[in-house]
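This report introduces one protein model to a reader who has not met it before. Its topics are the pockets, followed by a few local features of the backbone and side chains.

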Amino acid sequence: MTIGVFPTNQDLDPVRLRQAFGIFPSGVVAVAAEVDGELIGLAASSFTSVSLDPPLVSFSIANTSKTWPDLRRSSHLGVTVLAHHHDAVARQLAGPVAQRFDGIDIARSDEGAVTLTDGLALFDTTIHDEVEAGDHTIILLRLHSVQNADHSLPLVFHRSQFGLRHTA
Ligand SMILES: Cc1cc2nc3c(=O)[nH]c(=O)nc-3n(C[C@H](O)[C@H](O)[C@H](O)COP(=O)(O)O)c2cc1C
C-alpha cells in the first residue's frame with residue numbers, strides 16, 4: 001500500500017468546480033406547474049431521491065432563477081424524469097421562457113402539477129421545505145403520486161453534455 005499526499009487548501013474557482021461536479025453523471029427532470037393559467041417550468045439535473053418515509057425527493061435551484069419565484073407559488077409541482085430522446089426538450093425547458101412548452105405534450109392535475117406525458121416517471125409533489133445552500137436553494141419535495149410510465153433509457157447529463165462522456 002502507498003499513502004500519497006492529498007492536496008488541501010486549493011483555490012476552488014467556479015470553472016474548476018463545475019468541471020469536477022460534472023464528472024458525476026445525473027439524470028434530468030422537468031419541474032413544472034400551471035400558475036395563473038401559464039405553463040411554468042425548467043430542466044434540472046440536480047434531482048435526487050431523498051427519503052422513502054415520508055416520500056421525499058430534492059433538486060437545487062439557482063438563486064438567480066427567474067422562474068422559481070413563480071413556480072413555487074403553485075400548490076403542487078409536477079416532476080418528470082426525462083427519457084434519452086428528450087435532449088432537445090431539456091434544452092427547450094432551460095431556454096427562453098415563452099417557448100419552454102412549445103410542442104410538448106403535457107398532463108395537468110387539478111392542483112396545477114404539470115408533467116410530460118412521454119416521461120419515464122411522473123411525480124405529483126408539494127414543497128416540503130426549502131433549504132438555503134450557498135448560491136442555490138435545496139428544494140425538498142413531498143411525493144403524492146408516482147407513475148412509472150415508460151421503460152426507455154433515461155436522459156443522462158454528464159460533463160455539461162447529454163450522454164456519458166470520456167472527456168470534457
Ligand atoms: C440539463 C440541464 C440541467 C439543469 N439543471 C439545473 C438545476 O439543477 N438547477 C438549476 O437551478 N438550473 C438548472 N438548469 C437551468 C434551468 O433549466 C434554467 O435554464 C435556469 O433556471 C434559468 O432559467 P430561469 O431563470 O427561468 O429559472 C439546467 C439546465 C439544463 C439544460
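In this predicted model, the second largest pocket is lined by A107, R108, S109, A113, T115, T117, L122, F123, D124, S145, V146 and Q147. Three strands, β7 (106-108), β9 (121-133) and β10 (136-148), each supply at least two residues of that lining, and the volume of this second largest pocket is about 170 Å³.

The largest pocket has a volume of about 1,400 Å³ and is lined by 40 residues, of which A44, S45, S46, H136 and F157 lie nearest its centre. The elements that give two or more residues to this lining are the helices and strands α1 (14-22), β1 (26-27), β3 (38-44), β5 (56-62), α3 (87-92), β11 (156-158) and β12 (161-162). Among these contributors, α1 gives the most to the lining of the largest pocket, with 5 residues.

The table sets out the two pockets by volume and by the character of their lining residues.

| Pocket | Volume | Nonpolar | Polar | Charged |
|---|---|---|---|---|
| Largest pocket | about 1,400 Å³ | 21 residues | 13 residues | 6 residues |
| Second largest pocket | about 170 Å³ | 5 residues | 5 residues | 2 residues |

Turning to single residues, R100 is found in the loop between α3 and β7. Although R100 is buried, it has no salt bridge, and the nearest side chain of opposite charge, that of D70, is 9.4 Å away. A salt bridge is counted within 4 Å, so the separation of 9.4 Å between R100 and D70 does not qualify. The side chain of R100 does, however, reach the backbone oxygen of G95 at 2.8 Å.

The backbone also holds some features that a new reader may wish to find in the structure. The peptide bond from D53 to P54 is cis, with omega near 5°, and P54 itself lies in the loop between β4 (48-51) and β5.

Where is R159 found? R159 is in the loop between β11 and β12, and S160 lies in the loop between β11 and β12 as well. Neither residue is a glycine, yet R159 has a positive phi of about 50° and S160 has a positive phi of about 65°. As for its surroundings, R159 counts as partly exposed because its relative accessibility is 23%.

Methods. Residues are numbered from 1 along each chain as its sequence is written. This is a predicted model: local features need pLDDT of at least 70, side-chain atom pairs count only at pLDDT 80 or more; totals for chains, interfaces and linings use all residues. Side-chain values use heavy atoms; hydrogens and water are left out. On a 1 Å grid over the protein atoms alone, a cavity is a set of points where a 1.4 Å probe fits but cannot get out, and a pocket is an open set with protein on both sides within 12 Å along at least five of seven lines; lining residues have an atom within 4 Å of a point. Grid points are joined across faces, edges and corners, and a volume is the space filled by probe spheres set on the points. Helices (H or I, at least four residues) and strands (E, at least two) are DSSP runs, numbered from the N terminus. Ala, Val, Leu, Ile, Met, Phe, Trp, Tyr, Cys and Pro count as nonpolar, Asp, Glu, Lys and Arg as charged, and the others, Gly among them, as polar. Buried means under 20% relative accessible area, exposed over 50%, partly exposed in between (1.4 Å probe, protein chains only). Lys and Arg count as positive and Asp and Glu as negative; His and the chain ends are not counted. A polar contact is a pair of N or O atoms within 3.5 Å; within protein, one must be able to donate a hydrogen and the other to accept it, and residues adjacent in sequence count only if both atoms are side-chain atoms.
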